[in-house]
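Here are a few friendly notes to read alongside the model. Keep the view open and turn it as you go through the points.

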Amino acid sequence: MTEADFDAELARTAEPLLVDFWAESCGPCQALVPVLQQTAAEHAGRLRIATVRLDDNPALARRHQITALPTLIVFTDGREVERITGVITKTRLHDALDAFLTWPSTPEPQ
């Protein structure tokens, strides 16, 4: 996402949106890529993941008060509901996202 399309993307996304704010020179940001790819695949249809490269979008860094990288922000209904800073394990990320994801209902055992 870029400064030009950030607000439009935020407004048009029905499911929770996890935005990864990162920079090319950030080693921890690069380490987080596989975790985000796996999370996107496992939560397809329930979560959207987007990235903002701060080297190209400094106004978004200021607007969202990004002071450390990587920073992940979860947005629902266009507003920030969760912020995670630093490298995170897949398990911890999934635990943090559980409150915002809509899980398919399973029938009650009879």
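**Notes on the fold and on one histidine**

1. Reading from the start of the sequence to its end, you meet the elements of the protein chain in the order α-β-α-β-α-β-β-α. Counted up, the protein chain has four helices and four strands. Please keep in mind that this is a predicted model.

2. How compact is the protein chain for its length? Its radius of gyration is 14 Å, and the globule rule gives 13 Å for 110 residues; the two values are close, so the protein chain is as compact as a globular protein of that length. Along the principal axes, the C-alpha trace spans about 55 × 30 × 20 Å.

3. Now think about what joins up with what. Take the contacts in the protein chain between residues at least 6 apart in sequence: 67% of them join residues at least 24 apart.

4. Next, inside and outside. Of the 110 residues in the protein chain, 42% are buried. The protein chain exposes about 6300 Å², and 50% of this is supplied by carbon and sulfur atoms.

5. For charges, the protein chain carries 16 negative and 10 positive side chains. The centres of these two sets lie 2 Å apart.

6. Finally, find H94, which sits in helix 4, a helix made of residues 90–97. Is H94 buried or exposed? Its relative accessible area is 13%, and buried means under 20%, so H94 counts as buried. Leaving aside residues up to four places away in sequence, H94 touches T39, E42 and H43. Try selecting H94 together with T39, E42 and H43 to view these contacts.

Notes: Residues numbered from 1 in each chain as written. Predicted model: local features only at pLDDT ≥ 70, side-chain atom pairs only at ≥ 80, totals over all residues. Heavy atoms only, no water. Helix = DSSP H or I, 4+ residues; strand = E, 2+ residues; numbered from the N terminus. Rg over C-alpha atoms; globule rule 2.2 N^0.38 Å. Buried < 20%, exposed > 50% of the residue type's maximum accessible area, 1.4 Å probe, protein only. Contact = heavy atoms within 4.5 Å. Areas by Shrake-Rupley, 256 points an atom, 1.4 Å probe, with all protein chains shown as cover. Lys, Arg positive; Asp, Glu negative; His and termini not counted. Charge placed at Lys NZ, Arg CZ, Asp CG, Glu CD.
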